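This briefing addresses the domain organisation, the ligand surroundings and one helix pair of the structure shown below.

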Amino acid sequence: MAVSYEQITVLGAGSWGTALAYHLVGDGCKVKLWARRMEQVEEINTYRENKRYLPGVFLPDSIQVTADLKQALAGAQCVVFSVPSHTFRAVLRDALPLINTGALIVNTAKGIEENSMLRLSEVFADEAGPSGAEHYAVLSGPSHAEEVAQKMPTAVVVASVSSRTAVLAQDLFMQKNLRVYTNPDIIGVELGGALKNVIALGTGIVDGLTGSDNSKAALMTRGLAEITRLGLTMQANPLTFAGLAGLGDLIVTCTSRHSRNRRAGIEIGRGKTLQQALDEVNMVVEGVRTTRAAHGLAATWGIEMPITEQMYQVLFYDLPPQAAVNNLMTRVKTREVEEVALTKIKWYAERDGAD
Ligand SMILES: NC(=O)C1=CN([C@@H]2O[C@H](COP(=O)(O)OP(=O)(O)OC[C@H]3O[C@@H](n4cnc5c(N)ncnc54)[C@H](OP(=O)(O)O)[C@@H]3O)[C@@H](O)[C@H]2O)C=CC1
Ligand SMILES: O=C(CO)COP(=O)(O)O
């Protein structure tokens with residue numbers, strides 16, 4: 001039977017945190033939404049609307065907004081993290097001592113820690129200790145805040161090392177407009193959600209350059225191939241990349257007008273610098289830091305990720321986007337699917353010293 005919560009706390013009052021608070025608030029359940037800035041709290045309390053991050057959505061009084069972390073977390077049986085991934089560790093560190101033991105923790109950020117190259121569940125284990133993992137779940141999949149807030153039918157996935165926790169998170173978010181699947185493959189779900197943003201920047205660039213549908217389809221498909229290649233080596237289930245956290249999220253992020261990563265890419269494709277593109281979007285563009293982390297992971301695991309490599313050169317070394325396209329198109333010829341499967345076999349053979 002589904003557990004009913006009296007109080008849920010959402011940390012992070014951007015688009016996603018606000019949409020999730022709106023989604024979760026219901027009969028008998030109080031939702032507290034934590035924003036780091038008092039001005040934002042005042043604005044939401046005055047207008048009952050998050051004008052900057054989720055305009056047009058009326059937030060009922062049963063969503064209590066606060067900038068006081070202690071007050072936000074007092075009594076919470078469930079804590080949803082919706083802060084940008086590069087701030088996750090710091091917010092987590094402040095929040096952990098204030099979170100009730102045994103509370104369900106759901107992280108909804110999509111990224112990889114830039115310098116450590118850790119997945120966010122690894123960052124969590126780093127801060128909370130490995131035993132905390134039992135209560136920790138990840139929510140991912142194709143789900144733009146704007147559409148979830150409009151109650152558009154949406155499907156997402158939750159992953160946890162604990163099947164009980166995954167089911168608790170599934171029950172928590174499941175509603176008529178939001179269908180939630182569970183998946184035990186937390187590695188694949190985290191990698192899919194983070195790495196699709198790198199490809200979305202790339203498809204955005206193509207939109208800004210030429211708008212070619214053929215080129216975008218090529219990037220998405222070959223992007224998924226390199227994500228799968230890395231994921232396989234990192235012990236993910238390859239089927240996860242064909243699911244909501246992989247292909248599903250890749251489609252939405254690479255094609256939607258709501259996607260910040262795609263929008264930033266479009267600006268770069270039109271000739272803006274990275275900083276100009278980020279200023280234009282003015283919301284978190286996770287794919288930029290993730291490109292650096294993915295580039296590092298590819299080197300660490302010895303995996304070829306040509307699209308990630310070109311994105312890295314465009315974003316951080318001013319490679320002109322057209323030159324990146326040319327580089328991708330003139331790579332040495334290769335096979336479509338065998339390389340993906342062979343990657344894992346080759347990697348293990350090398351590790352184990354086998355022929
Ligand atoms: N938007 C979406 O549709 C979806 C987003 N996600 C993921 O959710 C995460 C959050 O994204 P989203 O809500 O869209 O981001 P937004 O850009 O909409 O908002 C970011 C929020 O994070 C706050 N913030 C920034 N830095 C810090 C910090 N150091 N400590 C605490 N809060 C901070 C911002 O506050 P301030 O205004 O003060 O800077 C703002 O409230 C990302 O990982 C994203 O990939 C996942 C699925 C869907
Ligand atoms: O992850 C998302 C949708 O599932 C949000 O993607 P963007 O960050 O590109 O907006």
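Into which domains is the protein divided? The model, which is predicted, is divided into domain 1, residues 7-184, and domain 2, residues 187-352. The points below take up the contact between these domains, the shell around ligand 1, and helix α10 with its neighbours.

**Domain contact**

- The centres of domain 1 and domain 2, taken over C-alpha atoms, are separated by 26 Å.
- Across the boundary, 27 residues of domain 1 are in contact with 28 residues of domain 2.
- On the side of domain 1 that touches domain 2, two or more residues are given by each of α4, α5 (120-128), β6 (136-140), β7 (154-159) and β8 (178-183).
- Strand β7 contributes the largest share of that side, namely four residues.
- By class, the residues on this side of domain 1 comprise 12 nonpolar, 10 polar and five charged.

**Ligand 1**

- The surroundings of ligand 1 consist of 27 residues, of which Gly 14, Trp 16, Thr 87, Ala 109 and Met 283 come nearest.
- Both domains take part, since the shell around ligand 1 draws at least three residues from domain 1 and at least three from domain 2.
- Helices α1 (15-24) and α4 (85-95) each supply at least two residues of the shell; α4 also gives two or more residues to the side of domain 1 that touches domain 2.
- The shell divides by class into 11 nonpolar, 12 polar and four charged residues.

**Helix α10 and its packing against α9**

- The axes of α9 (residues 213-233) and α10 (residues 244-255) come within 11 Å and cross at roughly 145°.
- The crossing in which α9 passes α10 is right-handed.
- From α9, the contact is made by Lys 216, Met 220, Gly 223, Leu 224 and Ile 227, and from α10 by Gly 246, Leu 247, Leu 250 and Cys 254.
- Six nonpolar, two polar and one charged residues make up this helix contact.
- Because 10 of its 12 residues are buried, α10 is largely enclosed by the rest of the structure.
- The buried residues of α10 include Asp 249 and Thr 253, as well as Gly 246, Leu 247, Leu 250 and Cys 254, which also make the contact with α9.
- The cover over the buried residues of α10 includes helices α8 (186-209), α9 and α11 (260-269) together with strands β6, β7 and β8.
- Strands β6, β7 and β8 are also among the elements that give two or more residues to the side of domain 1 that touches domain 2.

Methods
Residues numbered from 1 in each chain as written. Chains lettered and ligands numbered in written order. Predicted model: local features only at pLDDT ≥ 70, side-chain atom pairs only at ≥ 80, totals over all residues. Axes fitted to C-alpha atoms, helices over the stretch in contact; angles between N-to-C directions. Left-handed = near helix turned anticlockwise from the far one by under 90°. Contact = placed C-beta atoms within 7 Å. Nonpolar A, V, L, I, M, F, W, Y, C, P; charged D, E, K, R; others polar. Near = placed C-beta within 6 Å. Domains from an automatic or database assignment. Buried ≥ 20, exposed ≤ 12 C-beta atoms within 10 Å, placed from the backbone.
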